Every structure is written in C-alpha cells, then in structure tokens.
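The following paragraphs lead the reader through one structure, moving from single residues to their surroundings. Please keep the sequence and the model in view while reading.

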Amino acid sequence: MVRHRIADAAMRSGRDPNEIKLVAVSKTHPPSVLREAMEAGVTIFGENKVQEAENKIIAIGRHAAEWHLIGHLQSNKARKAVQLFDVIHSVDSVELARRLERICEEEGRESLPVLVQVDIAGEATKSGIAEEALSELVDYLNTCKLLQLQGFMVLPPYYEDPEATRPFFRRLRAIRDEMLSGGELSMGMSHDFEVAIEEGATIVRVGTAIFGEREYGSR
Ligand SMILES: *Cc1c(COP(=O)(O)O)cnc(C)c1O
C-alpha cells in the first residue's frame, strides 16, 4: 500500500520510485510486528529512542535489517547509538558530531553515515540545528574521517493539511542543493510523504500508515 503510494507520487513528479527509500518507523511496536513487516518486504526500520531500539535490535538481529535512528540523540547515548545503528538522521550539533567521530574511532567503526537534522521552523522545543549554524556543522562533518555526511533531515511542525509542510520540504531541498549536491533528503511522514516526494525526498519515514496508530502518549 505505502509502496504503491510512494511509486505513484514518484511517477507524478517524474521520478524513479527506486530512488526513494522507505524507513518503516517501528517505535512503540514489539519485535513480532517488525518480523511481520520484514516478511512483507521491509528492510529498513526507524526508531526514535536508543533504549527502546536496543531490545528490538537484539531480538531481531543487528544485521538482520538496516537500523536508522530518527529521534534526538542525547550525548550520553551516543556510544550505544554507534553500536546499534546503521544511519543516524538526527545529528544537530558540532559537539554531538565530535563525540560520534571520537566514539567511532574508539569502537573501531570505520564509517557512520549521518544526516543533519535542520530546524527550519525555528521552534526552540524541537531538535535540529538552526539554519544560521548549519554551515559550521557541515564544514566540520566534511573534515571527519569516520562520519559520512549523507544528507539532511527535517521534522516539520504538525499541520492537519499536508500542503502546509510543503515549504519546509522545499527549503530543505534548497539547503541540500547548496551544501551537498546529490545528498539524501529525509523528509515526509505518514500524512505528508507524498508531498515530500514531490519536493524531492529520497528517504521517507513512515510509521502509522504502515503499522496503524500507536498507543496513546507514546509518540
Ligand atoms: C514517529 C516519527 C515518524 C513517523 O511518524 P508517522 O506519522 O507515524 O508516520 C517519522 N519521523 C520521526 C522523526 C518520528 O519521530
């Protein structure tokens, strides 16, 4: 279902559906649900909490699927994140990037693909780096030996109308074009991934539309 909608949105905007990765956001769901999804063809899972993800990744297998961290990463969880995840979407400060680079070295991890989460709305409560501070972080990441800057991620404020997020997606794309031509754009969730694909998303992070509603209070 979601795959068909991704393919339709891609075709509508003259894009190849194969260039769009689907991250199935499995937060709050138990390993049995993830296993079912794998049988239905899911290969990439997104989790937003390191602690919660750890149990699942152990249950399913570190290398049985691709694991993406999509939630804010606290510095005291950075080592666990380096051990558990294939890709981190939520790098949002030079300090965190430095720490991750050092830990990769200590852990013998040869490369860690990362995305920079950008706070386009300027909402103080959300994670993500402000646009004014972005170039310093990108410059730092470009000097890293182990962290590999692969692109950018945005988590816009929630609007009922999916069209309302279009300007955020457009802005992220402009940032990508300026700073990392050809880089990934991680944008679009259950209610707006089609708009995100029209605006150039290369990775969509979809939970509810795949797994159904999460329990109250677990977002
Ligand atoms: C929960 C979450 C998603 C998925 O949200 P849905 O609306 O369930 O598709 C995507 N990205 C991030 C960062 C999330 O925390």
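The model is a predicted one. The tour begins with V138, a residue of helix 6, which spans residues 134-143. V138 has a relative accessible area of 5%, and it therefore counts as buried, the limit being under 20%. Leaving aside residues up to four places away in sequence, V138 touches L149, F152 and M179. One of these partners, L149, stands eleven residues from V138 along the chain, and the C-alpha atoms of the two are separated by 7.8 Å.

Ahead of helix 6 comes a loop that follows strand 6 (129-130), and E131 lies in this loop. E131 is partly exposed, because its relative accessible area of 26% falls between the limits of 20% and 50%. When residues up to four places away in sequence are not counted, E131 touches V118, D119, I120, R171 and I175. With R171 there is also a polar contact, made between the two side chains at 2.8 Å. E131 and Y159, by comparison, are 28 residues apart in sequence, and their C-alpha atoms are 21 Å apart in space.

Y159 leads to the aromatic residues. How many aromatic pairs does the structure hold? There are two aromatic pairs. In the pair of Y159 and F168, the ring centres are 6.1 Å apart and the planes meet at 40°, so the pair is classed as tilted. That class follows because the angle is neither under 30 degrees, as for stacked rings, nor over 60, as for edge-to-face rings. As for accessibility, Y159 is partly exposed, with a relative accessible area of 30%, whereas F168 is buried, with a value of 12%.

The next region is the loop between strand 1 (21-25) and helix 2, where T28 is found. S26 is found in the loop between strand 1 and helix 2 as well. Are these two residues buried or partly exposed? S26 has a relative accessible area of 0% and is buried, while T28, at 28% relative accessibility, counts as partly exposed. The backbone of T28 deserves attention too. Most residues other than glycine have a negative phi. T28, which is not a glycine, has a positive phi, near 75°.

Beyond its neighbours within four places in sequence, S26 is in contact with L34, F45, G46, E47, E52, K56 and F211. The side chains of S26 and E47 are joined by a polar contact of 2.7 Å. E47 also takes part in a polar contact with the side chain of K56, in this case of 2.9 Å between the side chains.

K56 has its place in helix 3. At 4% relative accessibility, K56 counts as buried. Its contacts, apart from neighbours within four places in sequence, are S26, K27, T28, H29, P31, L34, E47, G61 and W67. P17 provides a contrast: this residue is 39 residues from K56 along the chain, and 29 Å separate the two C-alpha atoms.

Helix 3 as a whole covers residues 50-60, and V50, A53, E54, K56, I57 and I60 are buried in it. An α-helix has 3.6 residues a turn, so residues three or four places apart point the same way. The buried residues of helix 3 pack against two other helices and two strands, namely helix 2 (31-39), helix 4 (78-84), strand 2 (44-47) and strand 3 (66-69). Just after helix 3, G61 has a positive phi of about 120°.

The last stop is the ligand. Which residues are around the ligand? They are V25, K27, I70, L155, M189, S190, R205, V206, G207, T208 and R214. By class, this shell has five nonpolar, three polar and three charged residues. Polar side-chain atoms of some of these residues are close to particular ligand atoms. In R205, such an atom lies 2.9 Å from a nitrogen atom of the ligand. For T208, the distance from an N or O atom in the side chain to an oxygen atom of the ligand is 2.5 Å. For R214, a polar side-chain atom lies 2.7 Å from an oxygen atom of the ligand. On its own, the ligand has 380 Å² of accessible area, of which the protein covers 93%.

Notes. Residues numbered from 1 in each chain as written. Predicted model: local features only at pLDDT ≥ 70, side-chain atom pairs only at ≥ 80, totals over all residues. Heavy atoms only, no water. Near = heavy atom within 4 Å. Polar contact = N/O pair within 3.5 Å; in protein donor to acceptor, adjacent residues only side chain to side chain. Areas by Shrake-Rupley, 256 points an atom, 1.4 Å probe, with all protein chains shown as cover. Nonpolar A, V, L, I, M, F, W, Y, C, P; charged D, E, K, R; others polar. Buried < 20%, exposed > 50% of the residue type's maximum accessible area, 1.4 Å probe, protein only. Helix = DSSP H or I, 4+ residues; strand = E, 2+ residues; numbered from the N terminus. Contact = heavy atoms within 4.5 Å. Phe/Tyr/Trp six-rings, centres within 6.5 Å; stacked < 30°, edge-to-face > 60°.
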